[in-house]
Amino acid sequence: VSTDEVYGDLKGRSRSSEDHPYSPSSPYSSSKASSDHLIKSYIRTYGLKAVISNCCNNYGPGQYPEKLIPTLIFNIINNKPLPIYGSGKNSREWIYVQDHCEALFQIYKKGKIGESYNVGSGKNLNNIEITNMLIKIIKKNKFKVGNKVKIKFVKDRPGHDLRYALNSNKIKKLIKWRAKRDLKSGLSETFNWYLENKSFFKSF
């Protein structure tokens with residue numbers, strides 16, 4: 001289970017397919033790229049029965065609080081500023097966690113040994129767009145957003161790529177899988193889960 005980060009920073013509107021050259025930028029993405037190559041070497045050398053998935057950004061109930069969407073939700077609930085890296089233009093492809101899990105199960109059942117499969121929703125938003133969409137959804141859910149809930153730009157983290165985007169045609173065509181949950185309903189369900197499980201944040 002790997003990541004779209006192994007393909008590196010993408011320019012324009014391009015999307016990385018499974019044969020896109022690996023170009024990781026950070027130690028984290030380099031470690032994931034290394035593990036992908038290691039798995040492929042074991043498949044070739046020892047006949048290991050394995051497949052590789054490269055997925056985009058996940059979101060949904062129960063996600064670790066340090067991640068972007070849980071952080072935004074926690075701060076909105078507690079009337080705090082919303083920290084956004086750099087200029088907020090970092091673009092990511094978002095997929096609901098249940099869709100990702102279903103993709104993994106289908107790859108396990110139908111995937112071809114030695115192959116890689118991109119898992120994406122095809123829906124890209126930058127951090128400002130995802131923040132504004134979340135606030136709009138929350139307001140529609142009749143939650144009163146406090147006056148301190150405003151975007152606050154913070155120093156970007158080192159090696160932070162501007163854009164990731166996947167071409168997921170292979171899994172759609174060969175595995176017959178595609179993401180089902182639209183972003184608006186997924187974000188609404190995610191917010192409601194955290195609102196009903198505030199104690200979750202205290203466990204970290």
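Colleague: Where along the chain is the place of Lys176?

Modeller: Lys176 is placed in the loop between H5 and helix H6 (183–196). Helices (H or I, at least four residues) and strands (E, at least two) are DSSP runs, numbered from the N terminus. The model is a predicted one, in which local features need pLDDT of at least 70 and side-chain atom pairs count only at pLDDT 80 or more, while totals for chains, interfaces and linings use all residues. Residues are numbered from 1 along each chain as its sequence is written, and side-chain values use heavy atoms, with hydrogens and water left out.

Colleague: Why is Lys176 called exposed?

Modeller: Buried means under 20% relative accessible area, exposed over 50%, and partly exposed in between, with a 1.4 Å probe and protein chains only. Lys176 has 67% relative accessibility, and therefore counts as exposed. Its phi is near 65°, a positive value in a residue other than glycine.

Colleague: Which residue in the loop between helix H4 (127–140) and strand S8 (151–154) has a positive phi?

Modeller: That residue is Lys142, whose phi is near 70°. Lys142 counts as exposed because its relative accessibility is 77%.

Colleague: What makes Glu93 and Arg15 a salt bridge?

Modeller: The term requires a side-chain nitrogen of Lys or Arg within 4 Å of a carboxyl oxygen of Asp or Glu. For Glu93 and Arg15 the closest N and O atoms are 3.3 Å apart, so the pair meets the rule. Glu93 lies in strand S5 (residues 91–96) and Arg15 in the loop between strand S1 (2–3) and helix H1 (27–46), so the pair ties together parts that are 78 residues apart in sequence. Glu93 is buried because its relative accessibility is 0%, whereas Arg15, at 31%, is partly exposed. In general, side chains of opposite charge can pair when their charged atoms come close.

Colleague: How many salt bridges does a search of the whole structure find?

Modeller: The search finds four. One of them joins Glu115 and Lys170, with 2.5 Å from N to O. Glu115 is in the loop between helix H3 (97–110) and strand S6 (116–119) and Lys170 is in helix H5 (residues 169–175), 55 residues apart, which links distant parts of the chain. Glu115 has a relative accessible area of 27% and is therefore partly exposed. Glu189 and Arg181 also form a salt bridge, their closest N and O atoms being 2.7 Å apart. Both residues count as partly exposed, Glu189 at 36% and Arg181 at 28%.

Colleague: How do you know that the charged end of Arg181 sits over the ring of Tyr96?

Modeller: A charge sits over a ring if NZ of Lys or CZ of Arg is within 6 Å of the ring centre and within 35 degrees of the ring normal. The charged end of Arg181 sits over the ring of Tyr96, 4.4 Å from its centre. Lys170 has its charged end over the ring of Tyr117, 4.8 Å from the centre of that ring.

Colleague: How many aromatic pairs are there by the rule applied to rings?

Modeller: Rings of Phe, Tyr and Trp (its six-membered ring) pair if their centres lie within 6.5 Å; planes under 30 degrees apart count as stacked, over 60 as edge-to-face and the rest as tilted. The count comes to eleven aromatic pairs. In one case, the rings of Tyr194 and Phe200 have centres 6.0 Å apart and planes at 65°, so this pair is edge-to-face. Tyr194 and Phe200 are both buried. They belong to one aromatic cluster with Phe74, Trp193 and Phe201.

Colleague: Why do Cys55 and Cys56 not form a bond?

Modeller: A disulfide is a pair of cysteine sulfur atoms within 2.5 Å. The closest cysteine sulfur to that of Cys55 is in Cys56, 4.5 Å away, and therefore too far for a bond. The structure holds zero disulfides. Cys55 counts as buried at 3% relative accessibility, as does Cys56 at 5%.
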